[in-house]
Amino acid sequence: GNMIDCKTQNIIYQKKLREKLPAILARFAKEQGVAILTYEGEQIITETPADVYVQKEAFVNRMSVKQVEDFGTYVDFPVTKCLIVGDGDHMVTVEQRLKELLATLHKLFQIEKDAEITVECNPDSVDLRALCTLRKAGVNRLSLGMQSAQAEELAAIHRIHTPQQTDQAAGLARKAKFNNLSLDLIYGLPGQTMDSWKATVEHALSLIPQHLSCYGLKVEEGTPLARRVAEGEVLPDDDQQADLYLWTVGRLARAGYPQYEISNFAKPGFESRHNLRYWFTRPYIGFGPGAHSDFGGRRYSFVRDLDAYIDGVLHGGNVIDSSELIPQRERCGEYLMLRLRTAQGIDGVEYRRNYFMDFAPLEARLEQFAAQGWVERSPEGRWHFTPKGFLVSNQLIGDLLDRQEQASWEDLIVRPERGPRP
């Protein structure tokens, strides 16, 4: 709702951006401890690989690609992948800006040859010419917000695309030589039944995607759906959603899409690398208003307001909304919380080696969970949730985090066993 014409904005600000932005970014990096391990003259040299995560709405539509260009002059680090997030804009209106942005990224950053470069979009925004342009520019993964194959369910959550448009979009993606297609689905929708959900999943499989994300519906406060629920509209309850979820895990496994995270399924080799960085607690960098980063041991975010962000960049003000150095104890908790979302799970040796903490108190609790059928231990010794456990994962992870928090540092520190003195 607070958008202005991108071309006009670029004409007004491009010269100022060129002149001021490099020094501003360097100063922010130095003062805030952002993305710095060593600072030498005009080079910020980092030693840890990171992703460049570009928020399209806030970045492409409002700021010149000169921000990335100037930032790249000051930062030297390898990049494994680049994700450009769509917001429902029609692809025709953004293709050239995305192309220019990708060209800038490839020029200035060390993007690996097999990097995963994703565009997310709604089915109604897909255009063949735009897809071909983006594919030639290096985009190799397309994520479509299918949500449902039932027109009435899409209407119930105010989605403007139709099931037919999803089919058309998937077909256009293939024509544009996209060999990595992901579809987003939602279960627990108003009026959804087991039969209608099964029909949606089967329809999605007929489009032969490489990746599927299946999310349970969350009613966000302040939305029209929230108001309808408050007025008495009934949604599938927790037990019904659990049935939908468990059926989905089994069906997709039989179809060749093993579960690799609580809500994500993929053909082997097509797991989302971008998402795995979050779940494996690896560093990432964000650009644009509201963008979050976790880099150099520090987590930080930029202000969300678009005008405040532009004003801060142009006039040397502070665009950092929040910034904190993450202590090792908190990183240890994040390891539990995020890794347990994945099918790979957690490992005691890994836990001890990376965080210098004793795993035994947690392992004792995991063994109790295993007796309930919530977790399993792999032959390699990794603990991971079962599908049944994923249904109650928030409670189980919370229990482990509480147990970790309540224990004293002395109780968790690994102590070498001592034998009797000679």
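How many helices and strands does the secondary structure of the chain come to? The count is 18 helices and 18 strands. Keep in mind as you look around that this is a predicted model.

**The whole chain**

Start with everything selected. The chain has 422 residues, and buried residues make up 51% of them. Turn on a surface next: about 20300 Å² is exposed, with 50% of that supplied by carbon and sulfur atoms. If you draw contacts between residues with a separation of 6 or more, 71% of them join residues 24 or more positions apart.

**Stop 1: Glu-95 and its partners**

Now select Glu-95, which you will find in helix 4 (residues 91-108). Is Glu-95 buried or exposed? Its relative accessibility is 2%, and because the cut-off for buried is under 20%, Glu-95 counts as buried. Show what touches this side chain and backbone: beyond the neighbours within four places in sequence, Glu-95 is in contact with Arg-129, Ala-130, Thr-133 and Leu-134. Take Arg-129 as an example: it lies 34 residues from Glu-95 along the chain, while the two C-alpha atoms are separated by 9.1 Å.

**Stop 2: helix 7**

Select residues 163-175 to bring up helix 7. At 1.5 Å a residue, these 13 residues should span 18 Å, and the end C-alpha atoms are 19 Å apart, which agrees. Colour Pro-163, Thr-166, Ala-169, Ala-170 and Ala-173, the buried residues of this helix. They cover an arc of only 115° around the axis, so they sit on the same side of helix 7. To see what covers them, add helix 5 (128-137), strand 7 (141-147), helix 6 (151-156) and strand 8, which are among the covering elements. Then step just past the end of helix 7 to Lys-177, where phi is positive at about 75°.

**Stop 3: helix 10**

Move on to residues 238-254, which form helix 10. Its 17 residues should span 24 Å at 1.5 Å a residue, and the 25 Å between its end C-alpha atoms agrees with that. Zoom in on the start of the helix, where a side-chain oxygen of Asp-237 comes within 3.2 Å of the backbone nitrogen of Asp-239. Next, pick out the buried residues: Gln-241, Ala-242, Leu-244, Tyr-245, Trp-247, Thr-248, Val-249 and Leu-252. Their cover includes strand 8 (181-187), helix 8 (194-206), strand 9 (211-216), strand 10 (259-261), strand 11 (264-266) and helix 16 (387-391). Just after the helix comes Gly-256, with a positive phi of about 95°.

**Stop 4: helix 15**

Select residues 360-371 for helix 15, twelve residues that reach 17 Å from first C-alpha to last, close to the expected 16 Å. Which residues of helix 15 are buried? They are Leu-362, Glu-363, Leu-366 and Phe-369. Look down the helix axis and these residues fall within an arc of 110°, so they line one face of helix 15. That set packs against helix 13 (328-339), strand 16 (346-347), helix 14 (348-355), strand 17 (375-377), strand 18 (382-385) and helix 17 (393-406). Gly-373, just after helix 15, has a positive phi of about 85°.

**Last stop: two cysteines**

Finish with Cys-121 and Cys-214. Cys-121 is buried, at a relative accessible area of 9%, and Cys-214 is buried too, at 1%. You can leave disulfide display off, as the count of disulfides in the model is zero.

Notes:
Residues are numbered from 1 along each chain as its sequence is written. This is a predicted model: local features need pLDDT of at least 70, side-chain atom pairs count only at pLDDT 80 or more; totals for chains, interfaces and linings use all residues. Side-chain values use heavy atoms; hydrogens and water are left out. Helices (H or I, at least four residues) and strands (E, at least two) are DSSP runs, numbered from the N terminus. The expected span of a helix is 1.5 Å times one less than its number of residues. Buried means under 20% relative accessible area, exposed over 50%, partly exposed in between (1.4 Å probe, protein chains only). The arc is that of the directions from the helix axis to the C-beta atoms. Contact means heavy atoms within 4.5 Å. A polar contact is a pair of N or O atoms within 3.5 Å; within protein, one must be able to donate a hydrogen and the other to accept it, and residues adjacent in sequence count only if both atoms are side-chain atoms. A disulfide is a pair of cysteine sulfur atoms within 2.5 Å. Accessible areas come from the Shrake-Rupley method with a 1.4 Å probe; for residues, only the protein chains shown count as cover.
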